[in-house]
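Reader: I am new to this structure and would like to look closely at a single part before turning to its surroundings. Please choose one part and go through it carefully.

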Amino acid sequence: MHALVKHLRRALLTLFLGGLLGATFLRFSPGWGTDERDLDPRLSSESRKAARAEYDSERNVLLYYLRYLKQALTGDLGVSRSFNRPVAELLRERLPETARSLAFGAAVGMLTGLALAIANAYAGWRLLDLSASLLGGLSLSIPAGLVALLCFWLRAPVSWAIALAVFPHIYRYAAQILKGAYDAGHVLAARAGGQSEPRILAAHVLLPSAPELLALAAVAVTVAFGAAVPIEVICDSPGIGQLAWKAALARDLPLLVGITLLITVMTVTATTLADLATKGGRA
Amino acid sequence: MTPGMTPRMTKSQKAAAAMFLLLALVSLTGIGGDRASLQNREAIAAPPSVQFPLGTDDLGRDRLARLMEGTRVSILLAPAAALLSTLLAAAIGGAAGYIGGRIDRIVVTVADLFLSLPWLLLLLAVRALLPLNTSPMASVMLTFLLLGCLGWANPGRMLRAAARTAAGSDYVLHARASGIGGWRLFWRMVVPNLFPILLAQFWIAVPIYVLSEANLGLLGLGVSEPLSSLGSLLRELTNYASLSRNPVALAPVAVLVTIASCLHLLVNKEQTRSC
């Protein structure tokens, strides 16, 4: 119980600071406060001044952020400047699409990575190891945007591109964890004791490594979120990643802070759950 | 690694190192030079020829020259960004692990914070927020500078753990008992033990930054025109009609995958060495 409270406290602090850091980062980036309207010759100087005045409420980042959080607690995330619609409404509209592709992509990527790592550690077939390493290495050497492009040409769904981005990371970590588990002294002792290989795998390798393997879910979620932005943009999928890209191009701070907070909430939740599962498994 | 032992590379790692060096040398020789941004109006979207071995793009620019320039930008600036993030990680993580106590806890919290933020999204946003009149050179420098500044957290945590282990080791205790203390102890006893991890983290970061720039480039937020990078060259692939007409436009993909694969292969060796 104490560990749970400690984790929750830490997660909330990370969330608060994460949002603040994100807002500060954007607020102090070199081009903040200027937009395309500054270069539009059709606009009068008054119109340009009015456009610049739209940024006034965001000048003091701490005040802006505190006001933002106070409003956020009531479900009001502000109004997007570029879409001229409430941020919460935009997020609600786009979240299901991203959640679907992320859940499927992360799950498929994780299961494939785990299955290959387990098969490889158990059977020790050189060909399997070589093919899995080659596929993993190749996927790690291709940017997510290019994977998306490939899926776009092949008319494959977005979730497959996400799975392809997640798989190599999971395979690499899982293979390392399982190799470490197989090298442990108790596995040698179990083998010397005449236990069968399937039993060794289940009782002496997978069971002790389960917490670490479970924690890979957090890695899968983090990688999937990172990959979602380029993949959704390239595949023209109307999700949060594409919204983030549009917000970035339109220099829409309220929308960007909203998306940053949302993604941080999801990442922190996944990490906290994985941490708790790891600690629970070890206890 | 045992001191004095020469690290051995496997055949595939030697091949990877040789391929990477070859690519680096070819791109650094300056082949292409000013031709990269030169428009040949009489040869718009031309197929491969003796004059233009990879053809020209839709603006009549020599693809090979642009590929050389792009490779040069990525090969020079990604390691520079990796060096920056590794140095930041060493300074922040190493010092925190050595000092311990409250500073260590604060650094761990800040590193956790950095790790839980969607950095690609923020990078995208900050890159998009750059002033509209930013020069191409400034934009490329800023892109890699941002990558370097944002990537310290992961290596920082590793270095912090290594510094903590080193700080509690017998030889540090012995040195302390001999009267060496403070920062002298840190520089003389702790930092040399962090070098293998620093080196491994550096090599891990390089392909990550090359690929991050490629992702930004594909989204149109990488290096600004007329300067090219491997990422900005990939944008041409979004035009499927032009690609099917001229498949040599895939050359940047081959170069990018070769560079990243070579670096990944070298990283595995470095990781093994650091453990």
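Author: The buried residues of helix H6 of chain B are covered by neighbours that include helix H2 (63-99), helix H3 (101-116), helix H7 (170-177) and helix H8 (182-218) of chain B. This is a predicted model, in which local features need pLDDT of at least 70 and side-chain atom pairs count only at pLDDT 80 or more, while totals for chains, interfaces and linings use all residues. Residues are numbered from 1 along each chain as its sequence is written, and chains are lettered from A and ligands numbered from 1 in the order in which they are written. Helices (H or I, at least four residues) and strands (E, at least two) are DSSP runs, numbered from the N terminus. A residue is called buried if 20 or more other C-beta atoms lie within 10 Å of its own, exposed if 12 or fewer, and partly exposed in between, with C-beta atoms placed from the backbone.

By that rule H6(B) is mostly covered, since 11 of its 15 residues are buried, among them Pro155(B), Met158(B), Leu159(B) and two arginines, Arg157(B) and Arg160(B). Because the expected span is 1.5 Å times one less than the number of residues, the 15 residues of H6(B), 153-167, should span 21 Å, and the 20 Å between its end C-alpha atoms agrees with this.

Beyond this helix, the contact between chains (C-beta atoms, placed from the backbone, within 7 Å) takes 42 residues from chain A and 30 residues from chain B. On the side of chain A that touches chain B, H11(A) gives the most, with eight residues.

Technical notes. Two residues are in contact if their C-beta atoms, placed from the backbone, lie within 7 Å.
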